[in-house]
Amino acid sequence: MITGVTTTDTIKPTPTNVKVLKESVVRHLVPKAPLNLHTDMHKPAGSQTTTSDSGILVEVQSDHQEEKARHERKRSSPESHGTQLSAKKPRESDDETLKKMTDACKTILECIGEDPDREGLQKTPTRWAKALLFMTQGYCENCKEVTNGAVFSEDHNEMVLVRNIDIHSLCEHHMVPFTGKIHIGYIPNGKVIGLSKLARIAEVFARRLQVQERLTRQVAEAIVETVEPLGVMVAMECSHMCMVMRGVEKVGASTFTYSARGCFESDSGKRTEFFNIIANNGMRSC
Ligand SMILES: [Zn+2]
């Protein structure tokens, strides 16, 4: 079974593994609504996932030690989907890639019962190939390049937060979009990064096939590696087309994930401060 954030009812919430987030956060983010807990079969350690199906915000927690151990195994695994700041996958030549993708798209059109030669579709395979290459161009980028020269020494020790950054990515299970907002905060430790670079880092990872949980974590880890701050907090709220247009077809559902590092991981007060700041502008608006 293909699973992901769209799957429901596989994990039963219990009093021990589900707790309602601090009332202040809930009040700001999702005023009222019924509980609807979604499963998160591939939830990475270090990030907590909450899903509001026009509903209440809940936090799913597994055993902390077990989660931490799983996280360490994953980080050291060759299959790890870590940030890989230097990772950059070369693509075949443009012509060769385009031809392969165009041919594949013609096949797909035939399989769904279309005629790839009819007037309206003649250029569609090429357009689709170019669009998909654009939407996955993060494979050809790395954070070192996009942040190069934009990290500065600065004696600022309070939270820096850029909120409501538009994010567009493709779900790796269905290759259909999920879109929403990402909020990135960090507490510097002698170095700051150009603000626009936070959005660029998010794009490097968003323009790949993703799951929202991994994307959230990768952005947090990339900022840790780039700025070496005292702490990083990344939160995302997205609507997944694979959930809206197919499967359970829940149009109003959105998925919330966050990833905390450093002092945000150890200090719930810092996390609350972060949530209060982003809530003032309304996470529900995305
Ligand atoms: Zn999907």
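Me: Which residue of β6 does isoleucine 165 stand opposite?

Reply: The model under discussion is predicted. In it, the partner of isoleucine 165 is isoleucine 182 in β6. Isoleucine 165 belongs to a strand pairing: β5, residues 160–171, is joined to β6 by nine bridges, and the two strands run antiparallel.

Me: How many residues lie between β5 and β6 in their hairpin?

Reply: The hairpin has five residues between its strands. Within that turn, methionine 175 has a positive phi of about 55 degrees.

Me: Which other strand is joined to β6, and by how many bridges?

Reply: Strand β9, which spans residues 231–240, is joined to β6 by ten bridges. This pairing also runs antiparallel. One facing pair here is lysine 181 and glutamate 237, the latter in β9.

Me: Is β6 mostly covered or mostly uncovered?

Reply: Strand β6 covers residues 177–187 and is mostly covered, with nine of its eleven residues buried. For the chain as a whole, buried residues account for 34% of the 286 residues.

Me: How many helices and strands does the chain have?

Reply: There are ten helices and ten strands. As for the contacts between residues at least 6 apart in sequence, 74% join residues at least 24 apart.

Me: What is the phi of asparagine 164, and where does this residue lie?

Reply: Asparagine 164 has a phi near 60 degrees, a positive value in a residue other than glycine. The residue lies in strand β5. It is partly exposed, because 15 C-beta neighbours are inside 10 Å, and a residue would need 20 or more to count as buried.

Me: Where does glutamate 228 lie?

Reply: Glutamate 228 is in the loop between α7 (212–227) and β9. Its phi, near 45 degrees, is again a positive value in a residue other than glycine. Glutamate 228 has 14 other C-beta atoms within 10 Å and is therefore partly exposed.

Me: What describes two packed helices?

Reply: The general idea is that such a pair is described by the angle between the helix axes and the distance between those axes. A case in this structure is helix α3 (residues 94–111) with helix α4 (residues 124–135): their axes come within 8 Å and cross at roughly 120 degrees. The two helices are therefore oblique to each other, since angles of 65 to 115 degrees count as roughly perpendicular and those over 145 as roughly antiparallel. The crossing of α3 past α4 is right-handed.

Me: Which residues make the contact of α3 with α4?

Reply: On the α3 side they are Leu98, Met101, Thr102, Cys105 and Lys106. On the α4 side they are Pro125, Thr126, Trp128, Ala129 and Leu132. Sorted by class, the contact of α3 with α4 has seven nonpolar residues, two polar and one charged.

Me: Is phenylalanine 274 buried or exposed?

Reply: Phenylalanine 274 counts as buried because it has 26 C-beta neighbours inside 10 Å, where the cut-off is 20 or more. Its place is in helix α10, residues 268–279.

Me: Which residues is phenylalanine 274 in contact with, leaving aside its neighbours within four places in sequence?

Reply: With those neighbours left aside, phenylalanine 274 is in contact with Leu161, Gly185, Met233 and Phe264. In addition, the C-alpha atoms of phenylalanine 274 and valine 234 are separated by 9.3 Å, although these two residues are 40 residues apart along the chain.

How values were computed. Residues are numbered from 1 along each chain as its sequence is written. This is a predicted model: local features need pLDDT of at least 70, side-chain atom pairs count only at pLDDT 80 or more; totals for chains, interfaces and linings use all residues. Helices (H or I, at least four residues) and strands (E, at least two) are DSSP runs, numbered from the N terminus. A residue is buried if 20 or more other C-beta atoms lie within 10 Å of its own, exposed if 12 or fewer, and partly exposed in between; C-beta atoms are placed from the backbone. Two residues are in contact if their C-beta atoms, placed from the backbone, lie within 7 Å. Two strands pair if DSSP finds at least two bridges between them. Axes are lines fitted to C-alpha atoms, for helices over the stretch in contact, and angles run from 0 to 180 degrees between N-to-C directions. Angles under 35 degrees count as roughly parallel, over 145 as roughly antiparallel, 65 to 115 as roughly perpendicular and the rest as oblique. A crossing is left-handed if the near helix is turned anticlockwise from the far one by less than a right angle, and right-handed if clockwise. Ala, Val, Leu, Ile, Met, Phe, Trp, Tyr, Cys and Pro count as nonpolar, Asp, Glu, Lys and Arg as charged, and the others, Gly among them, as polar.
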